Amino acid sequence: MIWNIARTALTALRRDRAALALSFVLPVVFFSIFAAVFGGQRDTTPKVKLIVVDEDQSHASQQLVRALERESSLVVSTRPDSKKSQPLPEYSAATAEAAVKAGDVPVALIVPKGFGQNPIGFGSDNGATSLELLNDKSDTIAPQIVVGLLQKAAMTSMPLEMAEQGMKYTDRYIGGLTPDQRKTMEDNLDNLRKTESDRTSNGSGNSDSNGAGIIAIKTRAVVGQDKRNPTLSFEAAAIGVMFLLFTASGSAGALLDEAESGTLDRVLSSRVTMTSLLAGKLTFNTLLAFVQLVVMFLWAWAVFKVDLFGHIPGFIVMGLCTAFAVAAFGMLLASTCHTRAQLGAVSTLLILVMSAVGGSMFPRFLMPEAMQKAGLFTINAWAIDGFTKVFWRDLPISQLWQQISVLLAIGIGLFLIARRIARRWESA
Amino acid sequence: MSTAVSVGAGATLSPPLSIDSLVKRFAQVTALDGVSLEVRSGECLGLLGPNGAGKSTLIRSIVGRVVPDSGRVAVFGFPSDSAKARMALGWVPQELAVYPRLSCRENLVAFGRYHGLRGPELKKAVDWCLAWSALKDRAGELAKNLSGGMKRRLNMAAGILHRPKLVLMDEPTVGVDPQSRNRIFEMIEALKAEGTAIIYTTHYMEEAERLCDRIAIIDHGHIIAAGSGDELVRSAFASRSQVVARFDGEPERIAQWVETHHGRLVDSTAQFTIQRSTEIASLLDDAAKAGLELVDVSMRRPNLESVFLHLTGRELRE
């Protein structure tokens, strides 16, 4: 009897091809996404973007910058990208800080004037000139990577400065060198200068050595320094968008129910046209999604102290744009799928993939480059970026134009496709 | 806008519905094969046909949900997909096409708005409809919680809310108890009394006989007969009568014998058409000679059921 029950269930599953496909495809798709993000593909490990401002322009600072540029896990830029033939001026401390605040890079390094005269400091109170690291508090990984690589770069790129500094310390702490000792040291330093000169002209460098704490670094958070929980507003946006997508899929199901029950036919036999019907559903679903976001952020404000009322204009704009794009996505699902079962399978697959790749499940900056680019094809990524700009970076609405444009374009595009596909309901 | 639908000056001379040489094909299947039909003002036309005969395709063509390959459908002289035709048309689909989570009143308000009714005019139409469908005391009840008969009445009310002059009713009594069916008949008769033209499809011959002034029989996409019940019987049987007999014996032998005597077996009952009553005696004599034992026999005037069977070779409810 047990076997009979199992056999009946198997037969029913075989008839529901969408559910059958989902059972096997979804785990494979998800495994692939997680594998791509967290394991296996080492060659696509995310690189940390770093802005370097060399105010010192000394030999030591230039050596340090070159060493950083050689690091494979860093993408170092000293000036903004320019599409024109004329390069843009180099970053200053102020523009670098603005870039971190805008979220262009997670970290910026300022090499201050005077660094080259006193670059190395063994111990904490040694009078060495500190490098300044400006970071975004929401990204806790990037500054640690940069600090580690800075120490490594210092060890490998500035042997001359290290030796000179070492001689100064020796001279100071042992009560002075004899003339012979001083001459021997100077000769050795000359040899070192010559070796370093040769190495620079050859363009080679030893990147195997390691070290820590030999240059002083002051880290300063320029974004989120006064925020209580760095990940809270990100989570609210990320989880919010994912659930909006599920709600949109559910609302889309109502249209399929109406088609199946004959209500849609009856409505279309009245004055209502297919375009006005879909537009009406889109309007409702947009407002529903927006109200969901409002409720979610009100909860986040009441319980987790997210500063909703300090960001009302940005929240409304981003909320409406996100809700519109999500609602249009729901309309496309409804018009594409023929049955509830299909809708369930397709929407689950699409929403989970979009949420994984688009950053609703884990931050996109942790993903490999290719995955981050793929995320740009999702509503989640643009919505999360926009909400992060509003709540984390405190940017004005004018700075949201990119996210707003993309979300509106996605919404309009998806709706037009949905309208086109919905012609199947208009008449046979 | 008045509560009753205005279909425009000049249109009053045109019949409520005029269908001319309508053809519709779905892939290899010809659902409508040159259908021509006219419905007059205040007339209730019964549309009868076995399953798959083309009834639904014809109804859906009239309401603009099916685009014909050729031919023409005019509602009060206007093309069926025009706004004026839509306002003049009311459609009661066979499915319960209402919003289950809306109350009766909310459903009627929604469909009223879809037909362009607003404000006091809408309220008046909804109140009239609730009274017409005897749902006034259930106005606040959710549609999904109504009984089968009430759902059917709400389904009808949603189709005539805007007071159309031509109403298409697609099997409106499917699955309802006799009491609710009578209530629905009264609703339809009230509409007829107001001069509304109606097309009524059904599988129940007694409904067609009670409600319809004329009947059109459709089969394989053709209108194979049209006229009043009496006209159809006369044209199919003239002055002939029907003999209905039941025999005891081997079914195969009975079937073979009925076939040789040009009769039909319907539900184990043999039916023969005879010109004179004296033919009964010779028929029964032959049966006795063939060794068939007669259980009972009766003679009757052919009815619509007989006409349908005669013309299509199938029972109406097949």
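# Close-up views of a predicted two-chain model

**View 1. Four strands of chain B line up in an open sheet, in the order β12-β13-β11-β14, with antiparallel pairing.** At the edges stand β12 (264–266) and β14 (293–300) of chain B; each has a single partner strand, so one side of each is left without a neighbour in the sheet. On average, neighbouring strands here are turned by 30° against each other, direction ignored. Keep in mind, for this view and the ones that follow, that this is a predicted model. A bit of background helps too: strands of a sheet pair through backbone hydrogen bonds, either parallel or antiparallel.

**View 2. Strand β11 (residues 241–248) of chain B is joined to β14(B) by seven bridges, and the two run antiparallel.** To find your place, look for B:Ala245, which stands opposite B:Val297 in β14(B). β11(B) also pairs with strand β13 (residues 269–274) of chain B, again in the antiparallel sense, over five bridges. For that pairing, a handy marker is B:Gln242, standing opposite B:Thr273 in β13(B).

**View 3. β12(B) and β13(B) make a hairpin with two residues between them.** How many bridges does this antiparallel pair of β12(B) and β13(B) have? The count is three bridges. One place to look is B:Arg264, whose bridge partner in β13(B) is B:Gln271. In the turn, check out B:Asp267: its phi is positive, at about 50°.

**View 4. Over in chain A, five strands form an open sheet in the order β2-β1-β3-β4-β5, with mixed pairing.** The edge strands are β2 (74–77) and β5 (217–223) of chain A, and each pairs on one side only. Neighbouring strands of this sheet are turned by 25° against each other on average, direction ignored. Zoom in on strand β4 (residues 131–136) of chain A and you'll find six bridges joining β4 to β5(A), with the two strands running parallel. There, A:Leu131 stands opposite A:Ile217 in β5(A).

**View 5. Helices α3 and α4 of chain A meet the strands of the five-stranded sheet.** Helix α3 (residues 59–70) of chain A packs on the sheet and touches β1 (48–54), β2 and β3 (107–111) of chain A. The direction of α3 makes about 165° with that of β1(A). Which strands does helix α4 (residues 93–102) of chain A lie across? They are β1, β3, β4 and β5 of chain A, and α4 runs at about 165° to β3(A).

**View 6. Helix α10 (residues 274–304) and helix α11 (residues 312–336) of chain A cross at roughly 135°, their axes coming within 8 Å.** That angle makes α10(A) oblique to α11(A). The crossing is right-handed. Plenty of side chains are worth picking out here: residues of α10(A) in the contact include A:Leu278, A:Leu282, A:Phe290 and A:Phe297. On the α11(A) side, A:Phe315, A:Leu320, A:Phe324 and A:Met331 are among them. Sorted by class, the contact of α10(A) with α11(A) has 15 nonpolar, four polar and one charged residues.

**View 7. A:Ile421 lies in helix α15 (residues 401–421) of chain A.** Is A:Ile421 buried or exposed? Something in between: 15 other C-beta atoms lie within 10 Å, so A:Ile421 is partly exposed. Leaving out residues up to four places away in sequence, A:Ile421 touches A:Ser335 and A:Thr336. Now hop over to A:Asp265: A:Asp265 and A:Ile421 are 156 residues apart in sequence and 16 Å apart in space, C-alpha to C-alpha.

**View 8. Chains A and B meet, with 13 residues of chain A in contact with 18 residues of chain B.** Which helix gives the most to the side of chain A that touches chain B? Helix α9 (residues 263–268) of chain A does, with five residues. By class, that side of chain A has four nonpolar, six polar and three charged residues.

**View 9. Stepping back, chain A holds 16 helices and five strands.** Of the 428 residues in chain A, buried ones make up 36%. Take the contacts in chain A with a separation of 6 or more: residues 24 or more positions apart account for 80% of them.

Note on methods. Residues numbered from 1 in each chain as written. Chains lettered and ligands numbered in written order. Predicted model: local features only at pLDDT ≥ 70, side-chain atom pairs only at ≥ 80, totals over all residues. Pairing = 2+ DSSP bridges. Axes fitted to C-alpha atoms, helices over the stretch in contact; angles between N-to-C directions. Contact = placed C-beta atoms within 7 Å. Buried ≥ 20, exposed ≤ 12 C-beta atoms within 10 Å, placed from the backbone. Parallel < 35°, antiparallel > 145°, perpendicular 65-115°, else oblique. Left-handed = near helix turned anticlockwise from the far one by under 90°. Nonpolar A, V, L, I, M, F, W, Y, C, P; charged D, E, K, R; others polar.
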